[in-house]
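This report concerns the pairing of charged side chains in one protein. Please consult the sequence and structure shown here while reading.

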Amino acid sequence: MKFLIAGLGNIGMEYDATRHNIGFEVADTFVLKNSGNYALDRHAYVSEIKWKGKTFIVIKPTTYMNLSGKAVKYWMDKEKIPLENMLVVVDELALPLGTIRLRASGSNAGHNGLKNIELVLGSDNYQRLRFGIGSDFPKGMQIQFVLGKWKPAEIPIVKDMLLKSVEAIECFATQGISKAMTMYNK
C-alpha cells in the first residue's frame, strides 16, 4: 500500500525554519525518524520510506507554496497513489500553536497551497493535517508573521508537535483518517 505525504513550504534559505514551512519540517521529521534521504526529482524533493509494510512517498514541492498542486498531481500520478492515500501537511493561522487538526476533506481556508492543489486536482476531497502556528501578530502583519521565524519560546512546542504530527501520519496510514482524527484532533 502506497501513501503520498506532501509537506508544503517554500524552497530557499530565506524560508527555512519559518512558520509557513512547517509542512517541510513535518516531512523532514518523518523522513529522519525512518532514516530516509531526499533526492531532488521532478517538481519536488522526494523520499521513499518503507514502514510497517507500507510505502510512503514523501515530497517537499520545489514549485513554491502557491503552485504546490503541480508537484502533488505529478507524484500522485507517477506513483499511482489514490486520493484517499494522500495527506497534505500545511501551516494553519486559525489554530493555536500546540494544536494539529486532521481533516478528511474540506475548505482551503484561504491557504494558497491548498487552493492550488484543489484547482489542479479538481477536488477538495483529500486528507490534510493542519499544524497550528497561532495568530499572535498585529493587524496588517499576517504575511510577516507567517514568513517569520519561530520565537525561542515557541521552539520546544514546535518540536513536540512535529513528533505528534509524525504519530498522526502513522495513525492515518495504519488505522485510517477517522481514527487519526479521533486521536489527534484534541
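The sections below describe selected salt bridges and the surroundings of their residues.

## Overview

The model is predicted, and it holds ten salt bridges. In general, side chains of opposite charge can pair when their charged atoms come close.

## The network around E79

K2, K78 and E79 are linked in a network of salt bridges. Within this network, the side chains of E79 and K2 meet at 2.5 Å, N to O. K2 belongs to strand β1 (residues 2-7) and E79 to helix α2 (residues 68-79), so this salt bridge ties together parts that are 77 residues apart in sequence. E79 also forms a salt bridge with K78, with an N to O distance of 3.9 Å.

The three residues can also be described by their accessibility. E79 is buried, with a relative accessible area of 12%. K2 is partly exposed at 32% relative accessible area, and K78 is likewise partly exposed, at 42%.

## The D136–K151 pair

Another salt bridge joins the side chains of D136 and K151, at 3.3 Å from N to O. D136 lies in the loop between β7 (127-132) and α4 (142-146), whereas K151 lies in the loop between α4 and α5 (155-175); the pair therefore ties together parts that are 15 residues apart in sequence.

D136 is exposed, with a relative accessible area of 56%. Its partner K151 is partly exposed, with a value of 38%.

Definitions and conventions:
Residues numbered from 1 in each chain as written. Predicted model: local features only at pLDDT ≥ 70, side-chain atom pairs only at ≥ 80, totals over all residues. Heavy atoms only, no water. Salt bridge = Lys/Arg side-chain N within 4 Å of Asp/Glu carboxyl O. Helix = DSSP H or I, 4+ residues; strand = E, 2+ residues; numbered from the N terminus. Buried < 20%, exposed > 50% of the residue type's maximum accessible area, 1.4 Å probe, protein only.
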